[in-house]
Amino acid sequence: MRNRAKCKLCNTTIESFHDTDLQFCECKAIGIDGGNSSYKVYANDFAHVVRIDDNDKEVTVKEKLVIAEEVKPLSRDDMLKELDMMCDEIDNLPQHAMQQPVNQYDFYRLCLLVRSILRAK
């Protein structure tokens, strides 16, 4: 199943395509990450999250509860490892990719991570 979700507030359907593809809905109330290898869900309130299958159908409530339980706050060390991983991924990009502009999702993900690291105790 593809990693897709729909926000009940803004009615936006979002999809994460790879491990580090963090996507947010238009109103920023929900987010998903992990592509098809890790179905991570972020939300201000999980009541606003609807998982969507490959046929644009809503996934059962039981599955939503399991996904909500998977979301745990990261430790400062985990966040620093995530930042290291992002740097390593950039280092391994081909030269032509290094000259492409960064999209706003990439930049936003970096800002969220750095903010979280700085706020961690």
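These legends go with a handful of close-up views of a predicted model.

**View 1. An aromatic pair: Phe 24 and Tyr 108.**
Searching the whole structure turns up 1 aromatic pair. Its members are Phe 24 and Tyr 108, with ring centres 5.1 Å apart. Their planes sit at 80°, and planes over 60 degrees apart count as edge-to-face, so that is what this pair is called. The two rings come from distant parts of the chain: Phe 24 belongs to strand 3 (residues 23–24), while Tyr 108 belongs to helix 4 (residues 104–119), 84 residues apart. Buried or exposed, what is Phe 24? Phe 24 is buried, at 11% relative accessible area. Tyr 108 has 30% relative accessibility, so Tyr 108 counts as partly exposed.

**View 2. Lys 28 over a ring.**
Stay with Tyr 108 for a moment. Which residue lies over the face of this ring? It's Lys 28, at 5.6 Å from the ring centre.

**View 3. A salt bridge between Arg 2 and Glu 15.**
Now for the charged pairs: the whole structure holds 3 salt bridges. In one of them, the side chains of Arg 2 and Glu 15 come together at 2.9 Å, N to O. Arg 2 is found in the segment before strand 1 (3–7), and Glu 15 is in strand 2 (residues 13–16), so to speak a link between distant parts of the chain, 13 residues apart. Arg 2 is partly exposed, with a relative accessible area of 31%. Glu 15, on the other hand, is buried at 17%.

**View 4. Asp 56 meets Arg 4.**
Here the side chains of Asp 56 and Arg 4 form a salt bridge, 2.5 Å from N to O. Asp 56 sits in the loop between strand 6 (49–51) and helix 1 (61–70), and Arg 4 sits in strand 1, 52 residues apart. How do the two partners stand for accessibility? Asp 56 counts as exposed, at 57%, whereas Arg 4 is buried, with just a 7% relative accessible area.

**View 5. Two helices joined by Arg 109 and Glu 82.**
Another salt bridge brings the side chains of Arg 109 and Glu 82 together at 2.4 Å, N to O. Why does this pair tie together separate parts of the sequence? Because Arg 109 lies in helix 4 and Glu 82 in helix 2 (residues 76–91), parts that are 27 residues apart in sequence. Arg 109 counts as buried, at 10% relative accessibility. Glu 82 comes in at 21%, and since buried means under 20%, Glu 82 counts as partly exposed.

How values were computed
Residues are numbered from 1 along each chain as its sequence is written. This is a predicted model: local features need pLDDT of at least 70, side-chain atom pairs count only at pLDDT 80 or more; totals for chains, interfaces and linings use all residues. Side-chain values use heavy atoms; hydrogens and water are left out. Rings of Phe, Tyr and Trp (its six-membered ring) pair if their centres lie within 6.5 Å; planes under 30 degrees apart count as stacked, over 60 as edge-to-face and the rest as tilted. Helices (H or I, at least four residues) and strands (E, at least two) are DSSP runs, numbered from the N terminus. Buried means under 20% relative accessible area, exposed over 50%, partly exposed in between (1.4 Å probe, protein chains only). A charge sits over a ring if NZ of Lys or CZ of Arg is within 6 Å of the ring centre and within 35 degrees of the ring normal. A salt bridge is a side-chain nitrogen of Lys or Arg within 4 Å of a carboxyl oxygen of Asp or Glu.
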